[in-house]
Amino acid sequence: MGLDGIPVETYVKQSDRVDMNTVAMEFSFILTQVRKAGDSLQVGALEELSVRAQRLVLICRMISPQYFVAIAVAPEGNLGKARYLARVSVPTLAAQL
């Protein structure tokens, strides 16, 4: 997804928990704000943002300065595996942009 809130590609395995398109659009704005805060604090580029909520865990990993991959996992899901898969997929996804 782009930081402008427009999805490049989506895959939803189970959509009965939340509307993932809306979640991704809202978090694209939040990622933009976190990135700006990081820039102003000079802590380096944003790499990953994780949010744990009651109904899902969302992992957002930056692919490039304008694009990110978001993975939503059920709270009882394997967060470590989701973070790992997001991290190792970034080079392949970046090459396809």
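Is Ala45 buried or exposed? I looked this up before anything else. Ala45 is exposed, with a relative accessible area of 66%. I kept in mind that this is a predicted model.

**Entry: around Ala45**

I placed Ala45 in the loop between α1 (20–41) and β1. Next I checked its distance to Pro65. The two residues are 20 residues apart along the chain. Their C-alpha atoms are separated by 8.7 Å.

I then moved to Gln42, which is also found in the loop between α1 and β1. Gln42 is exposed, at a relative accessible area of 73%. Its phi caught my eye: the angle is near 55°. That is a positive value in a residue other than glycine. Most residues other than glycine have a negative phi.

**Entry: overall layout**

How many helices and strands does the protein chain have? I found two helices and three strands. Read from the N terminus on, the elements run α-β-β-β-α.

I checked the overall dimensions next. The C-alpha atoms fill a box of roughly 40 × 30 × 25 Å, taken along the principal axes. For 97 residues, a compact globule would have a radius of gyration near 13 Å. The protein chain has 13 Å, so it agrees with that expectation.

I noted that 31% of the 97 residues count as buried. I also looked at contacts with a separation of 6 or more. Residues 24 or more positions apart account for 46% of these.

**Entry: surface and charge**

The protein chain exposes about 6600 Å². Carbon and sulfur atoms supply 54% of that area. I then looked up the charged side chains, and there are 10 positive and 9 negative ones. The centres of the two sets lie 7 Å apart.

**Entry: salt bridges**

I found two salt bridges in the structure. Which residues are linked in a network of salt bridges? They are Glu48, Arg61 and Arg83.

I took the pair of Arg61 and Glu48 to begin with. Their closest N and O atoms are 3.2 Å apart. Arg61 lies in strand β2 (residues 57–62) and Glu48 in strand β1 (residues 48–52), so the salt bridge ties together parts that are 13 residues apart in sequence. I also checked how covered Arg61 is. Its relative accessibility is 14%, so Arg61 counts as buried; the cut-off for buried is under 20%.

Then I turned to Arg83, which forms a salt bridge with Glu48. Here the closest N and O atoms are 2.6 Å apart. This pair links distant parts of the chain. Arg83 sits in helix α2 (residues 79–96) and Glu48 in strand β1, 35 residues apart. Arg83 is partly exposed, with a relative accessible area of 41%.

**Entry: Leu49**

I stayed in strand β1 and looked up Leu49. Is Leu49 buried or exposed? At 19% relative accessibility, Leu49 counts as buried. The limit is under 20%.

Which residues does Leu49 touch, not counting those up to four places away in sequence? I listed Ile30, Leu31, Leu58, Ile59 and Cys60. Of the elements they could belong to, I checked two by number. Helix α1 covers 20–41, and strand β2 covers residues 57–62.

Last, I looked up the distance from Leu49 to Ala94. The two residues are 45 residues apart in sequence. In space they are 18 Å apart, C-alpha to C-alpha.

Terms used: Residues are numbered from 1 along each chain as its sequence is written. This is a predicted model: local features need pLDDT of at least 70, side-chain atom pairs count only at pLDDT 80 or more; totals for chains, interfaces and linings use all residues. Side-chain values use heavy atoms; hydrogens and water are left out. A salt bridge is a side-chain nitrogen of Lys or Arg within 4 Å of a carboxyl oxygen of Asp or Glu. Helices (H or I, at least four residues) and strands (E, at least two) are DSSP runs, numbered from the N terminus. Buried means under 20% relative accessible area, exposed over 50%, partly exposed in between (1.4 Å probe, protein chains only). The radius of gyration is taken over C-alpha atoms; the globule rule is 2.2 Å times the number of residues to the power 0.38. Contact means heavy atoms within 4.5 Å. Accessible areas come from the Shrake-Rupley method with a 1.4 Å probe; for residues, only the protein chains shown count as cover. Lys and Arg count as positive and Asp and Glu as negative; His and the chain ends are not counted. The place of a charge is taken as NZ of Lys, CZ of Arg, CG of Asp or CD of Glu.
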